[in-house]
Amino acid sequence: MKTLLITGGAGFIGSHLVRLLVNKYPEYRIVNMDVLTYAGNLANLKDIEDKENYEFVKCNICDYVAVQKVFTDYNVEGVIHLAAESHVDRSIKDPFSFAQTNVMGTLSLLQSAKLAWEGNYEGKLFYHVSTDEVYGSLGEEGFFLETTKYDPHSPYSASKASSDHFVRAFHDTYGLPVVISNCSNNYGSYQFPEKLIPLFINNIKHNKPLPVYGKGENVRDWLFVNDHARAIDLIFHKGKIGDTYNIGGFNEWKNIDLIKVMIKTVDRLLGREEGASEKLITYVTDRAGHDLRYAIDSTKLKEELGWEPSLQFEEGIEKTVNWYLENETWLENVTSGAYQKYYEEMYS
Ligand code: NAD
Ligand code: DAU
């Protein structure tokens, strides 16, 4: 049985990827390594936790000795690395934990893979999941290509850029078989409600103010999370070693327009008068270093590997709003306790 190690599998994107791989490849053993930070939640994987080809290991990727042991104990042959501190606003308040997890944690995994696989790289692969934010910010025109120069602005994107460089350095210096993808903003079920879409759905539902940063004119390129998971599966199996692939939805939205779509959808599904919740929109101080626009050109992925997003945005957002409204217990559990303190500190 081939063993794949997924890091950060209890998080938002990781849990969708683990579910896809466990169900699609019964011949693989999928080991989910996660330390369960505030963003990691085993409830995200309830439906597959008893599957025979799935195992969970609680481990911090920064604990180099423990990570090495996981590689030997499980005879890991492939890694898909998603574990990270992922929220830009938190990185502005606490950059150290981002450098620690995203840079040192990635290095600990790379070094462990190198030690475990050295002398026999055949059939091995270290896949690093990264972000479009490493490319910086676009003006009104243009797209990020795989060749766009790195220009990160937030501590989060600087730490992700640094981890990307380490991954390439391990390929160039030691020959470690690696592949990297840089994806745009994901949305869908199981996303922690610190990020725009689940946070705003939850606030609209509870008639709470909607804190729009600046003028709400920043643009993001939104991709349904299952389409990201499909792309990772494809790149892991068919991507070219040493290469980078951009993943994006060709689906740009100005924040304020997206927020109005969310308001309309939640109001309709809750039986409120259309647009009733627009009064909740509250313009607040802008995020420091706020990137204006992200837009991914994923032509390479389409032309080389045949990937395309499967879902139109209107369908995806409807599914997503429905999921958060229907999964009240999940939402209540993740917004109790420490979340309240975070929310007060961030938005009061
Ligand atoms: P998330 O914050 O929802 O989940 C991160 C997971 O990593 C959590 O389960 C957490 O417990 C785990 N983790 C954190 N620190 C760890 C450590 N030291 N050891 C072990 N596990 C640890 O993040 P996400 O949104 O699912 O993002 C996953 C990856 O995808 C990240 O690398 C992120 O940079 C990248 N990415 C995210 C997006 C997006 O829109 N969310 C887009 C592009 C790329
Ligand atoms: O582009 C990929 C990146 O997308 C990922 O690498 C990150 O992990 C992920 O968090 C996401 O980063 P963003 O900063 O773009 O996502 P976020 O949901 O935090 O914010 C989306 C936009 O909404 C951004 O322009 C800031 C704005 N915003 C966000 C919040 C939380 C608000 O106006 N108000 C808010 O309260």
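Helix H7 (residues 225-238) lies across E7 and E9, running at about 70° to E9. Here helices (H or I, at least four residues) and strands (E, at least two) are DSSP runs, numbered from the N terminus. The angle is one between N-to-C directions, on a scale from 0 to 180 degrees, with axes drawn as lines fitted to C-alpha atoms, for helices over the stretch in contact. Contact itself means heavy atoms within 4.5 Å. This is a predicted model, in which local features need pLDDT of at least 70 and side-chain atom pairs count only at pLDDT 80 or more, while totals for chains, interfaces and linings use all residues. Residues are numbered from 1 along each chain as its sequence is written, chains are lettered from A and ligands numbered from 1 in the order in which they are written, and side-chain values use heavy atoms, with hydrogens and water left out.

The sheet under H7 comes next. Three strands make up this open sheet, in the order E7-E9-E11, and their pairing is mixed. Two strands count as paired if DSSP finds at least two bridges between them. Strand E7 (185-187) and strand E11 (252-254) are the edge strands, each pairing on one side only. Direction ignored, neighbouring strands here are turned by 50° against each other on average. E7 and strand E9 (residues 219-224) run in the parallel sense and share 3 bridges, and tyrosine 187 stands opposite phenylalanine 224 in E9. A further helix, H8 (residues 255-269), lies across E9 and E11, at about 90° to E11.

There is also an open sheet of 7 strands, with the order E3-E2-E1-E4-E5-E6-E10 and parallel pairing. Strand E3 (54-58) and strand E10 (244-247) sit at its edges with a single partner strand each, so one side of each has no neighbour in the sheet. From one strand to the next, the twist averages 20°. Strand E1 (residues 2-7) runs parallel to strand E2 (residues 28-34), and 6 bridges join the two; leucine 5 stands opposite valine 31 in E2. Helix H2 (residues 64-74) packs on this sheet, where it touches E1, E2, E3 and strand E4 (78-81), and its direction makes about 165° with that of E2.

Now for the ligands. A residue is near a molecule if one of its heavy atoms lies within 4 Å of it. Of the 28 residues around ligand 1, Ile13, Asp34, Ser86, Tyr156 and Lys160 come nearest. Polar contacts (pairs of N or O atoms within 3.5 Å; within protein, one must be able to donate a hydrogen and the other to accept it, and residues adjacent in sequence count only if both atoms are side-chain atoms) turn up here too. An N or O atom in the side chain of tyrosine 156 is 2.6 Å from an oxygen atom of ligand 1, and a polar backbone atom of isoleucine 13 is 2.8 Å from an oxygen atom of the ligand. A nitrogen atom of ligand 1 lies 3.0 Å from a backbone N or O atom of isoleucine 61. Taken alone, ligand 1 exposes 830 Å², and the protein buries 96% of that; such accessible areas come from the Shrake-Rupley method with a 1.4 Å probe, and for residues only the protein chains shown count as cover. Helix H1 (12-24), strand E5 (125-131), helix H5 (155-174) and E7 are the elements that give two or more residues to this shell.

Around ligand 2 there are 26 residues, with Asp132, Tyr156, Arg287, His290 and Tyr347 coming nearest. The side chain of aspartate 132 has an N or O atom 2.5 Å from an oxygen atom of ligand 2, and a polar side-chain atom of asparagine 255 lies 2.9 Å from an oxygen atom of this ligand. For proline 211, a backbone N or O atom lies 2.8 Å from a nitrogen atom of ligand 2. The protein buries 95% of the 690 Å² that ligand 2 exposes when taken alone.
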